[in-house]
Amino acid sequence: MPQTTETTPVKKYSAGLRIWHWSNYLVISGLLSTILFLRVIINMRGLFPKMQQVLQEQGISATEQQLRGVGRLVSHRIWDWHIYLGVALAVLLGWRIIAELVAPAMQRFRARLQRAAQAPAEGTGFRLRKSTAVKYSYLIFYLLLTVMVVTGLLLVYADDVEALHKLEHDIKEIHNVNMYLILAFIVVHIVGVVLAELHKDRGITSDMLHGGTLADKE
């Protein structure tokens, strides 16, 4: 009697991509948290009067200039963490490129994009046409991510390179605007995943954790 061999189903998402996805989520969350911490939670101008009041209650007097010095120390420490996380984001971007190059052909982004683009012709209707648009939006996200990394690294070295120092203001503006665009993408992405999980496309989050299978999902 001939033996039947079972073929291992191909994962929809490679392990490298899944690790990158969640690591990227954590790093970007950390980057946005440092900005939130500096601009909202620790607003030094708003804290100066309260700090002076607390010190006076303890019999200590401090001028606003002295408090500014303390504030700069706190800000510099938080910015150091922002830079460390930015470097980690640059490493993850390189990892994403490598993961794409070494992944099996069926797991690559181009293959998923082609499958989504061809799906409407197979009669699956509007749902996968929308999926095609979603996958194209990821290209925009990768572009935004690249701009974020490049401008961030340029700002790190802006004080040491004269040519960069002259462009520092413009680079910072691009970096800041890009940050808001990435934040908007993340919000839309999370809302989209939640809506999909509640309706026809359940299992998206599970696929990004366990890999999913092409046979089941596509």
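1. A polar contact is a pair of N or O atoms within 3.5 Å; within protein, one must be able to donate a hydrogen and the other to accept it. The side chains of His175 and Thr151 form such a contact, at 2.8 Å. This is a predicted model, and the distance of 2.8 Å is computed from it.

2. Stay with His175 for a moment. This residue sits in helix α7. Is His175 buried or exposed? His175 counts as buried because its relative accessible area is 12%, and buried means under 20%. Beyond residues up to four places away in sequence, His175 touches His82, Met148, Thr151, Gly152 and Leu155. Thr151 is thus listed among the residues touched by His175 and is also the partner in the polar contact.

3. Now the overall fold. The protein has nine helices and zero strands. Read from the N terminus, the order of elements is α-α-α-α-α-α-α-α-α. Of the contacts with a separation of 6 or more, 69% link residues 24 or more positions apart.

4. Burial and surface come next. The protein has 218 residues, and 30% of them are buried. The accessible surface is about 14,800 Å². Carbon and sulfur atoms account for 64% of that surface.

5. The largest nonpolar core holds 22 residues. Which of them touch the most other members? They are Trp20, Ile28, Leu89, Phe141, Leu145 and Ile182. At least two core residues come from each of α1 (15–41), α3 (64–102), α4 (109–118), α5 (126–156) and α7 (168–198).

6. Ile182 deserves a look within this core. Leaving aside neighbours within four places in sequence, Ile182 is in contact with Ile28, Phe141, Leu144, Leu145 and Met148. Met148 also appears in the list of residues that His175 touches.

7. On the outside there is a nonpolar surface patch of about 830 Å². Its residues are Trp81, Ile83, Tyr84, Val87, Val91, Leu153, Val156, Tyr157 and Val161. Which helix gives the largest share of the nonpolar patch? That helix is α3, with five residues. Helices α3 and α5 each supply at least two residues.

8. Val161 belongs to that patch. This residue lies in the loop between α5 and α6 (162–166). Val161 is classed as partly exposed because its relative accessible area is 36%, a value between the 20% and 50% limits.

9. How many salt bridges does the count come to? The count is two. Side chains of opposite charge can pair when their charged atoms come close. One of the bridges joins the side chains of Glu100 and Arg96, at 3.1 Å from N to O. Both residues lie in helix α3, four residues apart, or about one turn of the helix. Arg96 is buried because its relative accessible area is 6%, under the 20% limit.

10. The side chains of Lys166 and Glu162 also meet in a salt bridge, with an N to O distance of 3.9 Å. The cut-off for a salt bridge is 4 Å. Lys166 and Glu162 are four residues apart in helix α6, so about one helical turn separates them. Are these two residues buried or exposed? Both Lys166 and Glu162 are exposed, whereas Arg96 in the α3 bridge is buried.

Key. Residues are numbered from 1 along each chain as its sequence is written. This is a predicted model: local features need pLDDT of at least 70, side-chain atom pairs count only at pLDDT 80 or more; totals for chains, interfaces and linings use all residues. Side-chain values use heavy atoms; hydrogens and water are left out. Buried means under 20% relative accessible area, exposed over 50%, partly exposed in between (1.4 Å probe, protein chains only). Contact means heavy atoms within 4.5 Å. Accessible areas come from the Shrake-Rupley method with a 1.4 Å probe; for residues, only the protein chains shown count as cover. A nonpolar core is a set of buried Ala, Val, Leu, Ile, Met, Phe, Trp, Tyr and Cys residues joined through side-chain atoms within 4.5 Å. Patches are made of residues with over 30% relative accessible area and no salt bridge: like charges are joined within 9 Å, nonpolar side chains (Val, Leu, Ile, Met, Phe, Trp, Tyr) within 5 Å.
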